[in-house]
Amino acid sequence: MDIKIQKAKIEDCEKADNLLTKLIIDEKQYDETIDENYEVKSYYKNFVNDPNHCLYLAKIENVIVGFIYGFIIDYKTNVNKLAKIDALYTKEKYRNIGIGQKLIEEFISWSKENDVKNIEINVCNANENAKRLYTKNNFKTTKITMNLEI
């Protein structure tokens, strides 16, 4: 399978929104605070042309099968610019064939082009597949988010 990674265009945003909805539903198994009935609409069109945001799509035979979205945080202090991966998703049928790897590599390249020194992502603690993918790409645990249900 020939996997192509490309920068999203405004006309791709609705499909990316649909994939984000699927990601949210998928992550419900790891985080009970997620509302699995939430539907993403008109989200990515707000960022697709912003140079501090990046939305890349993975395509096989011109069909979108995955995406990665992230953005740059510039604290304008003594802290280096940070890129944050906000969402990474591959359709279940296309997992474990290297799509996530290619999307991460593209995000790393984009981050370097934008003079970013660190990339951060939040991962659901029970999502072992995601943690393996990020560990394979040299991500390390530096913070732990703790939650109190009240």
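Visitor: Why is Asp 2 called partly exposed?

Guide: Asp 2 has 49% relative accessibility. Buried means under 20% and exposed means over 50%, so a value in between is called partly exposed. Keep in mind that we're looking at a predicted model.

Visitor: And what makes Asp 2 and Lys 4 a salt bridge?

Guide: Their closest N and O atoms are 2.7 Å apart. The cut-off is 4 Å between a side-chain nitrogen of Lys or Arg and a carboxyl oxygen of Asp or Glu, so this pair qualifies. Lys 4 is partly exposed too, because its relative accessible area is 47%. In general, side chains of opposite charge can pair when their charged atoms come close.

Visitor: How many salt bridges are there in the whole structure?

Guide: Eight turn up in a search of it. One of them joins Asp 115 to Lys 117, with 3.2 Å between the closest N and O atoms.

Visitor: Is Lys 117 called buried or exposed, and why?

Guide: Exposed, because its relative accessibility is 52% and the cut-off for that word is over 50%.

Visitor: What makes Glu 128 and Lys 131 a salt bridge?

Guide: The N to O distance between their side chains is 3.2 Å, and the limit is 4 Å, so they count. Both sit in helix α3, three residues apart, which is about one turn of the helix. Glu 128 is partly exposed because its relative accessible area is 41%, and Lys 131 gets that label with 26%. Elsewhere, Lys 84, Glu 120 and Lys 143 are joined into one network by salt bridges that share partners.

Visitor: Let's go to Thr 90. Why does it count as buried?

Guide: Its relative accessibility is 11%, and buried means under 20%, so the label fits. Thr 90 belongs to strand β4, which covers residues 82-90. Leaving aside neighbours within four places in sequence, its contacts are Val 65, Gly 66, Arg 95, Ile 99 and Gly 100.

Visitor: Which residues have the most contacts inside the largest nonpolar core?

Guide: Ile 68, Ile 99, Leu 103, Phe 107 and Tyr 134, in a core of 22 residues. At least two residues each come from β2, β3, β4, α2 and α3, and α2 gives the largest share, five residues. There's also a second, separate core of 19 residues, with Leu 19, Leu 55, Ile 64 and Tyr 89 among them.

Visitor: What does Phe 107 touch?

Guide: Not counting residues up to four places away in sequence, Phe 107 touches several residues, including Cys 54, Ile 68, Phe 71, Ile 85 and Ile 119.

How values were computed
Residues numbered from 1 in each chain as written. Predicted model: local features only at pLDDT ≥ 70, side-chain atom pairs only at ≥ 80, totals over all residues. Heavy atoms only, no water. Helix = DSSP H or I, 4+ residues; strand = E, 2+ residues; numbered from the N terminus. Buried < 20%, exposed > 50% of the residue type's maximum accessible area, 1.4 Å probe, protein only. Contact = heavy atoms within 4.5 Å. Core = buried A, V, L, I, M, F, W, Y, C linked by side-chain atoms within 4.5 Å.
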